[in-house]
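Okay, everyone, thanks for coming. I'll put the structure up and then we'll walk through it together.

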Amino acid sequence: MPVVVATVKTKPGRRADVLAAFRRHAPAVHAEPGCLLYAVHAGEDRVTVIENWFDQASLDAHSAGPALEAIGAEIAEALAAPVDVAVLQPVPVGEPGKDRLPQS
């Protein structure tokens with residue numbers, strides 16, 4: 001189950017614009033087949049999205065889908081740097097159940 005961590009560094013004063021785009025399009029992402037988690041978190045100068053997908057095919061479909069395309073178009077002018085996207089796989093460590101994202 002791929003996990004994605006995407007970090008969006010925002011230009012000064014543009015974080016609210018980026019969050020608004022994610023608020024508009026997150027319901028569509030949540031409805032995509034294979035979306036187990038699509039959670040947006042914000043810091044002072046960045047927005048980080050943590051995603052969990054059922055399989056690589058689901059992630060590939062999301063990556064080429066209309067919701068992500070719409071988000072990208074809406075936030076393009078608010079970016080201070082290119083979006084940093086890391087696709088990761090869980091690594092079991094420590095106490096079972098606390099060592100990875102919940103799986104649905």
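**A buried glutamate, and what surrounds it**

Let's start with E32, which counts as buried because its relative accessibility is 15%, and the cut-off for buried is under 20%. Keep in mind that this is a predicted model.

So where does E32 sit? You'll find E32 in the loop that links α1 and β2. What does E32 touch, if we skip neighbours within four places in sequence? The contacts are W53, H62 and A67. With H62 there's a polar contact between the two side chains, at 2.8 Å. And if you like backbone distances, the C-alpha atoms of E32 and A61 are 8.6 Å apart, with those positions 29 residues apart along the chain.

Now the partner. H62 belongs to helix α2, and at 2% relative accessibility H62 is counted as buried too. Again leaving out neighbours within four places, H62 is in contact with V29, E32, Y38, E51, W53 and L68.

Let's zoom out to the helix. α2 covers residues 56-63, and its buried residues are S58, L59 and H62. Looking down the axis of α2, those buried residues fall within an arc of 100 degrees, so they line one face of the helix. What covers them? The list includes β1, α1, β2, β3, α3 and β4.

α3, residues 66-75, is the next one, with A67, I71 and I75 buried. Why are they on the same side of α3? Because they cover an arc of only 55 degrees around the axis. The face turned away from that buried side carries P66, E69 and A73, which are exposed. As for packing, the buried residues of α3 sit against β1, α1 and β2.

On to the sheet. It's an open one with four strands, in the order β2-β3-β1-β4, and the pairing is antiparallel. β2 and β4 are at the edges with a single partner strand each, so each has one side left without a neighbour in the sheet. On average, neighbouring strands are turned by 10 degrees against each other, ignoring direction. If you want one pair to look at, take β1 and β4, which pair in the antiparallel sense over five bridges. Within that pairing, A6 stands opposite V85 in β4.

How do the helices lie on this? α1 packs on the sheet and touches β1, β2 and β3, and its direction makes about 170 degrees with that of β2. α2 lies across β1, β2, β3 and β4, and runs at about 140 degrees to β3.

Last topic, the core. In soluble globular proteins, nonpolar side chains tend to be buried together. Here the largest nonpolar core has 19 residues, and V18, F22, V29 and Y38 are the ones with the most contacts inside it. At least two residues of this core come from each of β1, α1, β2, β3 and α3, and α1 gives the largest share, six residues.

Let me pick out F22 there. Not counting residues up to four places away in sequence, F22 touches V8, Y38, V40, V47, V49 and I71. I71 is also one of the buried residues of α3, and Y38 is also among the contacts of H62, which takes us back to that 2.8 Å polar contact with E32.

That's my tour, so over to you.

Definitions and conventions. Residues numbered from 1 in each chain as written. Predicted model: local features only at pLDDT ≥ 70, side-chain atom pairs only at ≥ 80, totals over all residues. Heavy atoms only, no water. Buried < 20%, exposed > 50% of the residue type's maximum accessible area, 1.4 Å probe, protein only. Arc of directions from axis to C-beta. Contact = heavy atoms within 4.5 Å. Pairing = 2+ DSSP bridges. Axes fitted to C-alpha atoms, helices over the stretch in contact; angles between N-to-C directions. Core = buried A, V, L, I, M, F, W, Y, C linked by side-chain atoms within 4.5 Å. Polar contact = N/O pair within 3.5 Å; in protein donor to acceptor, adjacent residues only side chain to side chain.
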